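Q: Please take a close look at the salt bridges in this model and at the elements that surround them. Where are they, and how are their partners placed?

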Amino acid sequence: MEVENWDVIANVTEITPDTNGYEASEQLKIIVEVLLRQSSNASESTVVNVLRKRIRDKLNYARGTSVGSISLQNLRREMMVGINTVCKDHVESICFEDAEGKDSTEITNYSDYRWCFYVYKMQNEATFEDSIGEDVTATVERVLPSREYFQLWESLVYDSCVKRDLLNYAMTTVHFSELNIDSNLITWNKVILLHGPPGTGKTSLCRALAQKLSIRLTERYHSLHFIEINSHSLFSRWFSESGKLVMKLFEKIETVVRTPGVFVCLLIDEVESLARARQASLSGNEPSDAVRAVNALLTQIDKIKQYPNILIFTTSNISEAIDLAFVDRADIKQYIGNPSEDAIMVVCISCLEELIRKGVLNSDPSIYFTENDNATQDALRRVAKACQGLSGRSLRKLPFLTIAEHFSTKIGIGVAEFLDALNKTAKKYQADSKALRNGTSHITSS
């Protein structure tokens with residue numbers, strides 16, 4: 001559909017301004033994220049007007065049926081069908097969720113909700129690296145939203161409301177900065193610490209949160225720069241240089257932060273390697289350089305937090321090794337553990353849906369309604385029990401390993417057959433991991 005036709009539709013539609021800000025409202029807020037194609041020249045207002053009319057039509061149709069309501073998840077699916085036939089030259093993807101971050105909410109009348117639209121395009125800038133001092137990469141910088149992180153947020157499954165809480169925290173830091181709240185009276189350090197065992201998605205969650213912010217802040221900032229620090233690169237082989245490298249790195253980051261219209265998310269992965277507890281360092285052979293590095297890091301964090309357009313994400317697999325002064329600076333200290341059985345089932349369903357979409361598994365519509373499919377539900381529960389204790393990283397490997405071990409390049413596999421094989425693969429993976437931990441692996445050396 002050409003832009004001129006969009007304008008015709010928009011002009012005959014009564015438009016009530018949407019609010020993407022912080023205005024109080026008793027209405028349930030529905031968030032709509034709209035990804036435009038790079039080639040689209042449609043204005044944001046035109047896109048919103050056209051989509052609002054189509055959403056109204058869908059909800060009116062649902063109210064006219066015996067169902068009477070439609071879930072946000074099903075609304076997205078039906079909207080995507082219409083987009084692919086009517087708006088395919090402009091809209092690439094659309095996503096719905098409520099204020100809790102859920103897409104399972106049932107909705108009815110359009111006017112009963114407060115609709116917040118975020119229209120965006122992917123950034124074209126390439127990823128680039130930077131070195132500090134020695135010939136080792138110190139940072140990797142990406143301009144978001146990026147195709148690399150597309151739908152990463154949706155792929156992360158947790159038992160708690162951690163995603164919603166982190167997003168609310170991030171948006172509140174922006175809000176407080178805009179209100180010019182006196183930080184001497186109400187303190188926030190703009191630091192998040194995610195800790196827990198390896199493979200639980202801490203780094204992925206930081207990347208996904210940065211991507212989500214780049215969409216939600218699109219009206220405030222023209223781009224978001226996501227900078228990942230390679231902590232190990234900041235330890236020099238030369239005595240007393242590490243503290244200077246930390247200061248030099250943050251000076252470069254501060255230059256980016258000062259750029260007009262840019263929001264910066266800084267990630268320090270495995271922060272315990274950089275913010276090692278100073279008390280423990282003092283008992284080592286050459287503690288002074290590590291202590292200087294920690295002192296420099298704390299000083300620079302205190303300095304850079306004055307800027308309204310920066311957030312600092314940190315992750316740790318060994319939280320007890322982190323200096324207490326750094327831990328105290330973190331506003332949020334969130335534990336990220338291995339998924340529960342219910343979360344494992346959600347992950348498995350997302351994997352099944354992807355394999356169905358790509359033709360690896362037979363198309364079986366019942367997979368979308370597993371609560372009404374006892375056989376599939378029971379099979380998924382058996383898989384979830386077999387996967388207990390595995391990290392999210394390991395879970396995402398199992399479908400690939402199952403295909404490789406049981407089906408190879410075969411396509412059109414039945415869902416029930418695949419789930420049975422997935423259960424066997426999970427048990428084998430658990431046994432192999434246990435043998436490796438116990439040093440009793442049956443793998444023979446060459």
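A: A search of the whole structure finds 26 salt bridges, a salt bridge being a side-chain nitrogen of Lys or Arg within 4 Å of a carboxyl oxygen of Asp or Glu. The model is predicted, so local features need pLDDT of at least 70 and side-chain atom pairs count only at pLDDT 80 or more, while totals for chains, interfaces and linings use all residues. Residues are numbered from 1 along each chain as its sequence is written, and side-chain values use heavy atoms, with hydrogens and water left out. Side chains of opposite charge can pair when their charged atoms come close.

One of these pairs is Arg-142 with Glu-148, whose closest N and O atoms are 2.9 Å apart. Arg-142 has a relative accessible area of 12% and is therefore buried; Glu-148, at 48%, counts as partly exposed. Buried here means under 20% relative accessible area, exposed means over 50%, and partly exposed lies in between (1.4 Å probe, protein chains only).

Another pair is Glu-154 with Lys-212, where the closest N and O atoms are 3.9 Å apart. This pair links distant parts of the chain: Glu-154 is in helix H4 (residues 152-155) and Lys-212 in helix H6, 58 residues apart. Helices (H or I, at least four residues) and strands (E, at least two) are DSSP runs numbered from the N terminus. Glu-154 is partly exposed, with a relative accessible area of 39%, whereas Lys-212 counts as buried at 2%.

Arg-381 and Glu-341 form a further salt bridge, with their closest N and O atoms 3.3 Å apart. Here too the pair links distant parts of the chain, 40 residues apart: Arg-381 belongs to helix H12 (residues 374-386) and Glu-341 to helix H11 (residues 341-357). Arg-381 counts as partly exposed at 28% relative accessibility, and Glu-341 as buried, with a relative accessible area of 16%. Salt bridges that share partners join Glu-33, Glu-97, Glu-154, Lys-212 and Arg-216 into one network.

Next comes the helix that holds Lys-212. H6 covers residues 202-216, that is 15 residues, and spans 21 Å from its first C-alpha to its last. That is close to the 21 Å expected at 1.5 Å a residue, the expected span being 1.5 Å times one less than the number of residues. Of the 15 residues of H6, 13 are buried, so the helix is largely enclosed by the rest of the structure.

Then there is the sheet on which this helix packs. It is an open sheet of three strands in the order E3-E1-E5, with mixed pairing. Strand E3 (91-98) and E5 stand at the edges with a single partner strand each, so one side of each is left without a neighbour in the sheet. Neighbouring strands of this sheet are turned by 20 degrees against each other on average, direction ignored. Axes are lines fitted to C-alpha atoms, for helices over the stretch in contact, and angles run from 0 to 180 degrees between N-to-C directions.

Strand E1 (residues 28-36) pairs with E5 in the parallel sense over eight bridges, and E1 and E3 pair in the antiparallel sense over seven. Two strands count as paired if DSSP finds at least two bridges between them. Leu-35 stands opposite Tyr-120 in E5, and its bridge partner in E3 is Ser-93. H6 packs on the sheet and touches E1, E3 and E5, its direction making about 95 degrees with that of E1; contact means heavy atoms within 4.5 Å. Helix H2 (residues 44-63) also lies across E1, E3 and E5, and runs at about 140 degrees to E5.

E5 (residues 113-120) has eight of its eight residues buried, so it is largely enclosed by the rest of the structure. Both faces of E5 are covered: Tyr-113, Trp-115, Phe-117 and Val-119 are buried on one side, and Arg-114, Cys-116, Tyr-118 and Tyr-120 on the other.
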